[in-house]
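These exercises come with worked solutions. Look at the sequence and the 3D structure first, then follow each solution step by step.

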Amino acid sequence: MDVAERDRRYVARAEPPDGVQVARSDGCFIFDHHGKKYIDFTAGWCVGNLGWGNDEVRAAIRAFDGPTYVHPDHLYRPWAELAEALAGIVPVKRAKCYRATGGSEAVEIALQVAMAATGRPGFVALEDCYHGNTLGPRSLAGDCDQHPNLLAHCHRVGPPLDERAAGRVERLLRGGTVAAFVMEPVVCNLGVLIPSKEFMTRVRAVCRETGTLFVADEVATGFGRMGKLFASEHFDLDPDVMCLAKAITAGYAPMGATVATEDVAKAAGVDFYSTYGWHPLSVAAALANLRFWGQHKVRILANVADQEENFRSRLTGMKFAEPASIRVMGLAIGVEFGDGSDYAAKLGDRCREAGLLVSTEEDNLLTMYPPLTIDREVARRGLDLLEGCA
Ligand SMILES: Cc1ncc(COP(=O)(O)O)c(C=O)c1O
């Protein structure tokens, strides 16, 4: 039985796989089983921010000779070290970390912490948001067709994220039943939607006034993607709770972290038993990733700034067959075509054929999240391929 047939029989999916049978990855490239080389403008969707195969992270995993597993109730030095390291870089004040296995769990924990800390049942999030695949995050999005038994009391506010939208959030929060306002500070899951500074400032202030927690989901935006270590920094935002995952281990191992202020953690007074949360190997990868960031942050972020300009100017000059709205922040890039268009989906297919991987979450929306370490030459080749397919 070939791989595609075996996958079809045994792997549960609603959509067929995209046809790329991955054999190997290196830097900005993915290689399939025939040796065909793809330029990867997705980085696994905000996972491989350092490019695939970072030597330092790989070496840390290879050199690991710690315990096979540590029960969550034990003490383990690298847990304390990682929590301290994260507390030192996030914009959350006096941060404490909950240990999780991935992004959905990190958000799930954030929601439960918020409910426990405030004693309130409600949430406000953005229309069509995505915060993970468990029922809590799905409740934020209100995917009622698929999941009828969602948390009640979830309200949503739609774009544009301007003063008027902030007013709508304010009216909801003034009801006094909302535990948390939850958003990605720059919304990757809505095609790199960038809120106005006024929206962020006002919503933050109203959260404070009404005793509502501000939960920043930085699962996708974290670790340099937006040109700063965290997207919150663009808005001088100090969230009460921040969710991290994806690039936290540079792609080497699963991990999630929910970072809350000491006050919130104390008020919540809840614990989360997660069997594989912060597994020793994942922690070794995350610590190596953070060490790498500590040593190379200035250089990486300078490259992001350079490439941000490069992608913006190339894309705005590109002749797409349909009118496009282009949004770029750091190395998060959204190209949106008109409602009802399937141009992005078709363009994504042509790109893949030509040897370039991009994401098309919606038929009219193309997103790109290249490794932050991408150089000019690879970026040029990828953008040339995109232009050739447009
Ligand atoms: C913003 C955001 N939050 C949470 C998640 C869920 O993360 P995971 O797939 O690790 O559960 C995702 C996944 O894409 C995400 O983009």
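**Exercise 1. Describe the surroundings of Cys188.**

Step 1. Leaving aside neighbours within four places in sequence, Cys188 is in contact with Trp45, Ala220, Thr221, Met226 and Tyr369, where contact means heavy atoms within 4.5 Å. The model is predicted: local features need pLDDT of at least 70, side-chain atom pairs count only at pLDDT 80 or more, and totals for chains, interfaces and linings use all residues. Residues are numbered from 1 along each chain as its sequence is written, and side-chain values use heavy atoms, with hydrogens and water left out.

Step 2. Place Cys188 in the chain: it is found in the loop between β7 (178-183) and α8 (197-210). Helices (H or I, at least four residues) and strands (E, at least two) are DSSP runs, numbered from the N terminus.

Step 3. Is Cys188 buried or exposed? Buried means under 20% relative accessible area, exposed over 50%, and partly exposed in between (1.4 Å probe, protein chains only). Cys188 counts as buried because its relative accessibility is 0%.

Step 4. Compare sequence and space: Cys188 and Leu111 are 77 residues apart in sequence, and their C-alpha atoms are 20 Å apart.

**Exercise 2. Find the partners of strand β7.**

Step 1. Check the cover: six of the six residues of β7 are buried, so the strand is mostly covered.

Step 2. Look for pairing; two strands pair if DSSP finds at least two bridges between them. Strand β5 (residues 122-126) runs parallel to β7, and three bridges join them. Val124 has Phe181 in β7 as its bridge partner.

Step 3. Strand β8 (residues 213-217) also pairs with β7 in the parallel sense, over four bridges. Here the bridge partner of Ala180 is Leu213 in β8.

**Exercise 3. Work out the order and pairing of the four-stranded sheet.**

Step 1. The strands of this open sheet have the order β1-β2-β3-β13, with mixed pairing. Why do β1 and β13 each have one side without a neighbour in the sheet? β1 (22-26) and β13 (356-357) stand at the edges and each has a single partner strand, so one side of each is left free of a neighbour in the sheet.

Step 2. Strands β2 (residues 29-32) and β3 (residues 37-40) pair in the antiparallel sense over three bridges. Ile30 has Tyr38 in β3 as its bridge partner, and Phe29 stands opposite Ile39 in β3.

Step 3. β2 and β3 form a hairpin with four residues between them. Gly35 in the turn has a positive phi of about 90 degrees.

Step 4. On to the next pair: two bridges join β3 to β13, and these strands run parallel. Ile39 stands opposite Leu356 in β13.

**Exercise 4. State where Thr212 and Ser341 lie and which polar contacts their side chains make.**

Step 1. Thr212 lies in the loop between α8 and β8. Thr212 is buried because its relative accessible area is 2%.

Step 2. A polar contact is a pair of N or O atoms within 3.5 Å; within protein, one must be able to donate a hydrogen and the other to accept it, and residues adjacent in sequence count only if both atoms are side-chain atoms. The side chain of Thr212 makes one with the side chain of Arg120 at 3.4 Å, and another with the side chain of Thr210 at 2.7 Å.

Step 3. Ser341 lies in the loop between β12 (332-336) and α11 (343-354). With a relative accessible area of 11%, Ser341 is buried.

Step 4. The side chain of Ser341 makes a polar contact with that of Glu322 (2.7 Å). The Ser341 side chain also reaches the backbone nitrogen of Tyr343 at 3.0 Å.

**Exercise 5. Find charges that sit over aromatic rings.**

Step 1. Apply the rule: NZ of Lys or CZ of Arg must be within 6 Å of the ring centre and within 35 degrees of the ring normal.

Step 2. The charged end of Lys37 sits over the ring of Phe29, 4.2 Å from its centre. The charged end of Arg99 sits over the ring of Trp79, with 4.6 Å to the centre.
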